[in-house]
Amino acid sequence: MNKKVLIITYYWPPSGGAGVQRWLKFVKYLPEYGWTPVVYTPENPEAPAIDESLLHDVSSETEVIKYPIWEPYQWYKMFTGRKTGEKVNAGFLSEGEKPRFTEKLSIWVRGNFFIPDARKFWVKPSVRFLKKYLENNTIDAIVTTGPPHSMHLIGLALNRETGIPWMADFRDPWTEIDFYDKLMLTGSANKKHHKLERKVLQSADKVVTVGWDWAKGLEKLGGRAVNVVTNGFDPADGDATEAVVGSNFTITHAGAINADRNHTEFWKAIRELIDENAGFSQAVNIKLVGKNDVAVLRDIEEYKLNNFVERIAYLPHNEVMPYLKSASVLYLPVNNTPNA
């Protein structure tokens, strides 16, 4: 008989974007390895994108528990002049011009008062709700996945009160994440972030992250071993090795490019190749699938590359594979930050 694992995640279909992929796929395949997943997720999250296609990966047999969450995003949208239905981008990606004073002030408030993040108000209600659930249901292990790292605080409290083994999964670092310095933290707020991070790292029965460099950083912060389970791929999504490359030389990026991932030298090099090589200028086609920071658009404009760049809006997960298969080259710019 399978054991049961409670997975606490903020991102779950129909939420789209990068944050949902890892545990959606783990949940899909865990039953084959002797674990029956129970997913706990918000009923009304502020998702960066909606992707109904991801619901196909959720088995009808998977128990998904949803509980309402209150987040300060309605206040944030009013304060910064955004529309009620407008999505809030992750990772400091700005599709408009330079942040206004209200935007900068909201970032300062976010970093200094919403610790560890804006989902902090879901922690206590979730602990109360899940304690009652655990009184009537047998769970053999708990997994929390962050960001948002408030999910780990739910796991911390449940582990202390029930003794159920708990694994904390870091899809991204906490205080070493690339935009941490942009939060404009006071000294006391910085200490609080580090204190909570250290408490999670030292209290969890297991700590997992996606790569070895991040594992080393977390080991240094927590003073204990950190395991690595890399991100992977789902064969059911299609075989990306079966390329269908056309006659053009197509460079494709799928995902979000924020300012830190936008490298001016790339656009400059493309411009130089176009000017130097007539064959290249006739063949090159750059496809950007997803959201792009205003810095990307400025560089495309500055190097007069509009005729060579095709911008495709966010696509459902199941529609991205043809773009990957037809590319000559996949472009993966890494954040120009100390932790990259």
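A residue is called buried here when its relative accessible area is under 20%, and by that criterion buried residues make up 47% of the 340 residues in the protein chain of this predicted model. The chain has 11 helices and 11 strands, and among its contacts between residues at least 6 apart in sequence, 76% join residues at least 24 apart.

One pair of helices, α6 and α7, packs with axes 9 Å apart and at an angle of about 100°, which means that α6 is roughly perpendicular to α7. The residues that make this contact are listed by helix below.

| Helix | Residue range | Residues in the contact |
|---|---|---|
| α6 | residues 187–203 | His 194, Glu 197, Arg 198, Leu 201 and Gln 202 |
| α7 | residues 212–222 | Leu 218, Leu 221 and Gly 222 |

Sorted by class, the contact of α6 with α7 comprises 3 nonpolar, 3 polar and 2 charged residues.

Turning to the strands, β9 spans residues 284–289 and includes Lys 287. This lysine is buried yet has no salt bridge, and the nearest side chain of opposite charge, that of Glu 310, is 4.2 Å away; since a salt bridge requires a side-chain nitrogen of Lys or Arg within 4 Å of a carboxyl oxygen of Asp or Glu, the pair of Lys 287 and Glu 310 at 4.2 Å is not counted as one. Glu 310 is nevertheless among the residues that Lys 287 touches, and, when residues up to four places away in sequence are not counted, Lys 287 also touches Thr 250, Ile 251, Thr 252, His 253, Ile 312 and Tyr 323.

Conventions: Residues numbered from 1 in each chain as written. Predicted model: local features only at pLDDT ≥ 70, side-chain atom pairs only at ≥ 80, totals over all residues. Heavy atoms only, no water. Helix = DSSP H or I, 4+ residues; strand = E, 2+ residues; numbered from the N terminus. Buried < 20%, exposed > 50% of the residue type's maximum accessible area, 1.4 Å probe, protein only. Lys, Arg positive; Asp, Glu negative; His and termini not counted. Contact = heavy atoms within 4.5 Å. Axes fitted to C-alpha atoms, helices over the stretch in contact; angles between N-to-C directions. Parallel < 35°, antiparallel > 145°, perpendicular 65-115°, else oblique. Nonpolar A, V, L, I, M, F, W, Y, C, P; charged D, E, K, R; others polar.
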